[in-house]
Amino acid sequence: MKIPFHQRLYLRIWLAVIATVAILALVAAWLSKLEVENDRAQRADREIIVRNGAGEIIGQAPIRLLRVPGQGPEFQVAMKDGSTLLIQLPRPPERPGGRPSGGGPRNRMPFSFNWLLALVACTVALGTYPIIRRLTKRLEGVERGVKQWGEGDLSLRLPTQGRDEVTALAKGFNDAAGRVQALLLSHKALLANASHELRSPLTRIRMGIELMGSSPSPAFKDEISRNIQELDQLIDEILLASRLDASETDIGTLEAVDMAGLLAEECARVHADLDPGDDASALVVQGVSRLLRRMVRNLLENARRHGAGTVTATLRLVGNTVELRVCDNGPGVPAALRERIFEPFYRLPGATERDGGVGLGLALVRSIAQRHAGSVHCEDAPGGGACFVASLPQAHERGNAATW
């Protein structure tokens, strides 16, 4: 939308400043006029009185100033004997240049007070224009950037020079634009990878159906069942990942979850070693039980899938945080890839579909931890391998303040 010239912000601010100065000048001129009129009214009532040596009044008349070129001011006084007396005041001594040095009318400024106000108004108008224009140019730059970003250029970012409110606005826009761009790219990647991952089990199911004939063997049935289970798990993980990405989605009721008991059940299911750790009564977090179980299960299955032997799970209370550590003795994760493995559908180099998993397990672990105000990261295991550490606030620290 093109803004008309008369509605541009810099012009409106500038005109507002000029109007304010003009009103101030008019008020000052009006007050000056009132002062002059008041002074004249007071002079009209003043008189000149002439007394003799005995103190008697011998002449009296209202003040009537007479000006004679080349002379000082004169006053005419009517005497009681009928004569007229002229009283002349001497001219003030002149300074070099021919200008009088005394006060009075000759010491006036070379222009009137109204001209002085007009000069001040012009000075303010000329001085404020570049400042106002510079400010509004930056705002126009923000407006153009927002418009260009809204037209689809999601990589656009606004300049952030300065330390004023416009800079804060530009930084806020850049942060919001970065989050929106990352979210859209994540969704695009999720859709692209999901279509690829869904195609693989569907293709195997179709080929199995075509090859199994009228009397399928148990091996064919098992293969089709495995592919259907993989497909069902993939769809479930994609739906859960989408719900976790939407922060306003209601994904369950908060409750006190016994992490020690939950971890014991999941370790027994995958035959992992459990270190009992601290007092179980202190290892309680506030959250959604099924999501926390999914987080623990994904960590254990990931360790079993990529480890070369026993999986060890440990639960500790570190300060006000319940810390879960799941370690394996596999090849480990290179330091440069320890953040990327939490991206959706990312697999380590050399991993294949036969290794199991579609690359969503660890992404769900991080999403669940973050939705519980926690975090998760990967580090080296003490005896070799990888160790995943999930940290969650203790139950009494979060109380009922959690939002979903």
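**Exercise 1. Locate His271 in this predicted model, and determine whether the residue is buried or exposed.**

Solution. Begin with the secondary structure: His271 belongs to the loop that runs between α5 (259-270) and β9 (273-275). Next, consider the backbone. The phi angle of His271 is near 60°, a positive value in a residue that is not glycine. Finally, apply the accessibility cut-off, by which a residue is exposed when its relative accessible area is over 50%. His271 has a relative accessibility of 71% and therefore counts as exposed.

**Exercise 2. State what phi value Ala373 has and in which loop Ala373 lies.**

Solution. Ala373 is not a glycine, yet its phi is positive, at about 60°. The residue is placed in the loop between α7 and β13 (375-380).

**Exercise 3. Describe the packing of α6 against α7: give the angle, the axis distance, the handedness and the character of the contact residues.**

Solution. Two packed helices are described by the angle between their axes and the distance between those axes.

Step 1. Helix α6 covers residues 289-306 and helix α7 residues 361-371; they pack at an angle of about 145°, and their axes are 9 Å apart.

Step 2. The crossing of α6 and α7 is left-handed.

Step 3. On the α6 side, the contact is made by Leu291, Leu292, Arg294, Met295, Asn298, Leu299 and Asn302. On the α7 side, the contributing residues are Gly361, Leu362, Leu364, Val365, Ile368 and Ala369.

Step 4. Sorted by character, the residues of this contact comprise nine nonpolar, three polar and one charged.

**Exercise 4. Identify which residues Ala256 contacts beyond its sequence neighbours within four places, and decide whether Ala256 is buried or exposed.**

Solution. Ala256 is part of strand β8 (residues 255-258). Once neighbours within four places in sequence are set aside, its contacts are Val284, Val285 and Gln286. For Val285, the separation from Ala256 is 29 residues in sequence, while the C-alpha to C-alpha distance is 5.7 Å. Ala256 has a relative accessibility of 55%, so it counts as exposed.

**Exercise 5. Determine how many disulfides the model contains, which cysteines form a disulfide, and what the status of Cys378 is.**

Solution. A disulfide is a covalent bond between the sulfur atoms of two cysteines.

Step 1. The criterion is a pair of cysteine sulfur atoms within 2.5 Å. By this rule the count is one disulfide.

Step 2. The bonded pair is Cys327 and Cys387, whose sulfur atoms are 2.2 Å apart. The pair joins distant parts of the chain, with Cys327 in strand β12 (residues 321-327) and Cys387 in strand β14 (residues 386-393), 60 residues apart.

Step 3. Buried means under 20% relative accessible area. Cys327, at 17%, is therefore buried, and Cys387, at 0%, is buried as well.

Step 4. Cys378 is in no disulfide, the nearest cysteine sulfur being that of Cys387, 7.9 Å away. With a relative accessibility of 8%, Cys378 counts as buried. Cys267, with 2%, also counts as buried.

**Exercise 6. Summarise the protein as a whole: how many helices and strands are there, what share of residues is buried, and what share of the accessible surface belongs to carbon and sulfur atoms?**

Solution. The protein has eight helices and 14 strands. Of its 404 residues, 32% are buried. Among contacts with a separation of 6 or more, 59% involve residues 24 or more positions apart. The accessible surface comes to about 25100 Å², and 57% of it belongs to carbon and sulfur atoms.

Technical notes. Residues numbered from 1 in each chain as written. Predicted model: local features only at pLDDT ≥ 70, side-chain atom pairs only at ≥ 80, totals over all residues. Heavy atoms only, no water. Axes fitted to C-alpha atoms, helices over the stretch in contact; angles between N-to-C directions. Helix = DSSP H or I, 4+ residues; strand = E, 2+ residues; numbered from the N terminus. Left-handed = near helix turned anticlockwise from the far one by under 90°. Contact = heavy atoms within 4.5 Å. Nonpolar A, V, L, I, M, F, W, Y, C, P; charged D, E, K, R; others polar. Buried < 20%, exposed > 50% of the residue type's maximum accessible area, 1.4 Å probe, protein only. Areas by Shrake-Rupley, 256 points an atom, 1.4 Å probe, with all protein chains shown as cover.
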